[in-house]
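The text below goes through one structure step by step, beginning with charged side chains and moving on to strands, core and rings. Please keep the sequence and the coordinates at hand.

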Amino acid sequence: PKGKLVTRVGAGTNETIQTATANASPNEVVSELTISKILWSGAVTVARGASVLFNFTGNGVWDLDVLGISSIESPAANVVITCAAGATAIVELKKTSTYS
């Protein structure tokens, strides 16, 4: 709860992380997800809703925590991670939550 969500997306697949269901407990209500770290190999696209935020190629690590920032574009929109054939991505998201 109120922590981080880490997902791995494999070659030739995509994954949608839905903000509304990113809760860790039945009483947690997640209102926003911010991107804090991305590790990639190959061609990877990260979008929020219908807006593509990042197109990565090659290999790399983008650690926004170390830089003291996070990607906050459309924080309530679902996160869509798409990996081309042979690509892999690991994405870390921070949650903003309340409890009921």
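The structure, a predicted model, holds 5 salt bridges. In one of them the side chains of Lys4 and Asp65 meet, at 3.7 Å from N to O. Lys4 belongs to strand β1 and Asp65 to helix α1 (residues 64–67), so this pair ties together parts that are 61 residues apart in sequence. Lys4 counts as partly exposed because its relative accessibility is 49%, and Asp65 is also partly exposed, with a relative accessible area of 28%.

Asp65 has another partner. It forms a salt bridge with Lys94, where the closest N and O atoms are 2.7 Å apart. This pair links distant parts of the chain, with Asp65 in helix α1 and Lys94 in strand β8, 29 residues apart. Lys94 is partly exposed, its relative accessible area being 31%. Through shared partners, salt bridges join Lys4, Asp65, Glu92 and Lys94 into one network.

A further salt bridge brings together the side chains of Lys37 and Asp63, at 3.6 Å from N to O. Lys37 lies in strand β3 and Asp63 in strand β6, so the pair ties together parts that are 26 residues apart in sequence. With a relative accessible area of 23%, Lys37 is partly exposed.

Several of these strands recur in a sheet. In what order do the strands of the open sheet of 4 strands run? The order is β1-β8-β3-β6, with antiparallel pairing. At the edges are β1 (4–9) and β6 (59–63), each of which pairs on one side only. From one strand to the next, the twist averages 30°. Inside this sheet, β3 and β8 run antiparallel and are joined by 12 bridges. In that pairing, Trp40 stands opposite Ala89 in β8.

Strand β3 also contains Thr34. Is Thr34 buried or exposed? Thr34 is buried, since its relative accessible area is 12% and the cut-off for buried is under 20%. Beyond its neighbours within four places in sequence, Thr34 is in contact with Ser70, Ser71, Ile72, Glu92, Leu93 and Lys94. Two of these contacts, Glu92 and Lys94, belong to the salt-bridge network described above.

The loop between β2 and β3 contains Asn27. Asn27 is partly exposed, with a relative accessible area of 43%. Apart from neighbours within four places in sequence, Asn27 is in contact with Thr98, Tyr99 and Ser100. Asn27 and Gly10 are 17 residues apart in sequence, and their C-alpha atoms are 31 Å apart in space.

Strand β7 has its own set of pairings. β2 (residues 14–17) and β7 run antiparallel and are joined by 4 bridges; in β7, the bridge partner of Ile17 is Val79. β4 and β7 likewise run antiparallel, joined by 5 bridges, and Ala47 stands opposite Val80 in β7. The side chains alternate along β7: Val79, Ile81 and Cys83 point to one face and are buried, whereas Val80 and Thr82 point to the other and are not.

Ile81 leads on to the nonpolar core. Which residues touch the most other members of the largest nonpolar core? Among its 19 residues, these are Ile35, Ile38, Val44, Val46, Phe56, Ile81 and Leu93. The elements that give two or more residues to this core are β3 (28–41), β4 (44–48), β5 (51–56), β7 (79–83) and β8 (88–99). The largest share, 5 residues, comes from β3. Val44, one of the residues just named, is in contact with Phe54, Asn55, Phe56, Ile81, Thr82, Cys83, Ala87, Thr88 and Ala89, leaving aside neighbours within four places in sequence.

The last topic is the aromatic rings. A search of the whole structure finds 4 aromatic pairs. The rings of Phe54 and Trp62 have centres 4.7 Å apart and planes at 75°, so this pair is edge-to-face. Phe54 counts as buried because its relative accessibility is 14%, while Trp62, at 28%, counts as partly exposed. Trp40, Phe54, Phe56 and Trp62 form one aromatic cluster. Of this cluster, Phe56 also appears among the core residues that touch the most other members, and Trp40 is the residue that stands opposite Ala89 in β8.

Technical notes:
Residues numbered from 1 in each chain as written. Predicted model: local features only at pLDDT ≥ 70, side-chain atom pairs only at ≥ 80, totals over all residues. Heavy atoms only, no water. Core = buried A, V, L, I, M, F, W, Y, C linked by side-chain atoms within 4.5 Å. Buried < 20%, exposed > 50% of the residue type's maximum accessible area, 1.4 Å probe, protein only. Contact = heavy atoms within 4.5 Å. Pairing = 2+ DSSP bridges. Phe/Tyr/Trp six-rings, centres within 6.5 Å; stacked < 30°, edge-to-face > 60°. Axes fitted to C-alpha atoms, helices over the stretch in contact; angles between N-to-C directions. Salt bridge = Lys/Arg side-chain N within 4 Å of Asp/Glu carboxyl O.
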